[in-house]
Amino acid sequence: MKIVNVLIWIPLFMLLPPQESLGQAQAGWESLFNGSDPGKHWVSVAGGTLPNAAWKVDQGTLRHEQGQRGGDLISKHVYKDFILELEFKLDKNANSGIKYFVAPLHTKSGKVELNGPEFQMIDDVNHESVKGGISPKTETGSVYLLYAPNAKKVFYGHGKWNKAKVVVRGKQVEHWLNGVKIVSYERGTSSFRALVAGTKFEMYQSGYGEAEYGHILLTDHQDGASFRNIRIKRL
């Protein structure tokens, strides 16, 4: 999990007011990856076009190649209340994740960074940072550093497809993994802010995870990970 520094470049679509970014609400599901053209819905967080390295389309899946760096991908539009679904498959020992409510945040040192809560995706069995259950708040399905998944969690492991879902209704957020709800929390409460204050996210002046609207972001950790059937439904 890393933090994106955006001291210089902020894409034009982030400067639009929410009603212009969102456009007209659509009934039903909207595909965020059609299996062939990720550029329709995603851009590089670092420059406004798709990276020419690391991210590839492979047999209808969006894949990040092992050992390569292309930068994070960020959605062109922002979302408020929604259901986000996708399938992901990790290489052995891989670390990845998908963030939501990603928005510019001011640090206490005066910088501006893009960040938001993360649905963590990691090889729970082999990755040194989590194997053996040593770090529940950073294992697959967690809200990274804040909330651990519950005991009902079912994770099929690396090399297999798993289905992630994030449900947001106002300040209420749910993480689902393979059809099971594993996290439920409320953004912006005193207990939420206390958890944030106990992590590296305390560097922000205020508002981590509390944006009214935010982008979706696929992280680049230079590890092998594949994604497919990425879709979102506005509520």
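How many helices and strands are there in the protein chain? In this predicted model, the count is 3 helices and 15 strands. The chain has 235 residues, and 51% of them count as buried. Its accessible surface comes to about 10,500 Å², with 50% of that belonging to carbon and sulfur atoms. As for contacts between residues at least 6 apart in sequence, 69% join residues at least 24 apart.

A good place to start looking is strand 5, which covers residues 61-64. Its side chains split two ways: Thr-61 and Arg-63 point one way, Leu-62 and His-64 the other, and all are buried. On one hand, strand 5 is joined by 4 bridges to strand 4 (residues 55-58), and the two run antiparallel. Strands 4 and 5 make a hairpin with 2 residues between them, and here Gln-59 takes a positive phi near 50°. On the other hand, 3 bridges tie strand 5 to strand 15 (residues 225-234), again in an antiparallel arrangement. Leu-62 takes part in both pairings: Val-57 is its bridge partner, and Phe-227 in strand 15 stands opposite Leu-62. Arg-63, meanwhile, belongs to a network of salt bridges that also takes in Glu-65 and Asp-91.

Next come the rings. Searching the whole structure turns up 9 aromatic pairs. One of them is Phe-88 with Phe-155: the ring centres are 6.4 Å apart and the planes are at 20°, so this pair is stacked. It brings together distant parts of the chain, with Phe-88 in strand 7 (residues 82-90) and Phe-155 in the loop between strand 10 (118-122) and strand 11 (162-169), 67 residues apart. Both Phe-88 and Phe-155 are buried. Tyr-185 and Phe-192 are stacked too, with 6.0 Å from centre to centre and 5° between the planes. Tyr-185 has a relative accessible area of 4%, so it is buried, and Phe-192 counts as buried because its relative accessibility is 0%.

Ring pairs also link Tyr-79, Phe-82, Tyr-100 and Phe-101 into a cluster. Over the face of Phe-101 lies Arg-187, at 3.7 Å from the ring centre. Trp-161 has a charged neighbour as well: the charged end of Arg-228 sits over its ring, 3.9 Å from the centre.

Arg-228 turns up again among the salt bridges, which come to 13. Its partner is Glu-87, with the closest N and O atoms 3.3 Å apart. That bridge spans 141 residues, from Glu-87 in strand 7 to Arg-228 in strand 15. Glu-87 counts as buried because its relative accessibility is 18%, whereas Arg-228, at 27%, is partly exposed. Another salt bridge joins the side chains of Lys-80 and Glu-212 (3.4 Å, N to O). Lys-80 is in the loop between strand 6 (73-75) and strand 7, Glu-212 in the loop between helix 3 and strand 14, and the two are 132 residues apart. Lys-80 is partly exposed at 34% relative accessible area, and Glu-212 is partly exposed at 49%. Glu-174 and Lys-181 form a further bridge, their closest N and O atoms being 3.8 Å apart.

Last, there is Thr-199, in the loop between helix 3 (190-197) and strand 14 (215-218). With a relative accessibility of 13%, Thr-199 counts as buried. Leaving aside residues up to four places away in sequence, Thr-199 touches Leu-145 and Leu-146.

Technical notes
Residues numbered from 1 in each chain as written. Predicted model: local features only at pLDDT ≥ 70, side-chain atom pairs only at ≥ 80, totals over all residues. Heavy atoms only, no water. Phe/Tyr/Trp six-rings, centres within 6.5 Å; stacked < 30°, edge-to-face > 60°. Buried < 20%, exposed > 50% of the residue type's maximum accessible area, 1.4 Å probe, protein only. Lys NZ or Arg CZ within 6 Å of the ring centre and 35° of its normal. Pairing = 2+ DSSP bridges. Contact = heavy atoms within 4.5 Å. Areas by Shrake-Rupley, 256 points an atom, 1.4 Å probe, with all protein chains shown as cover. Salt bridge = Lys/Arg side-chain N within 4 Å of Asp/Glu carboxyl O.
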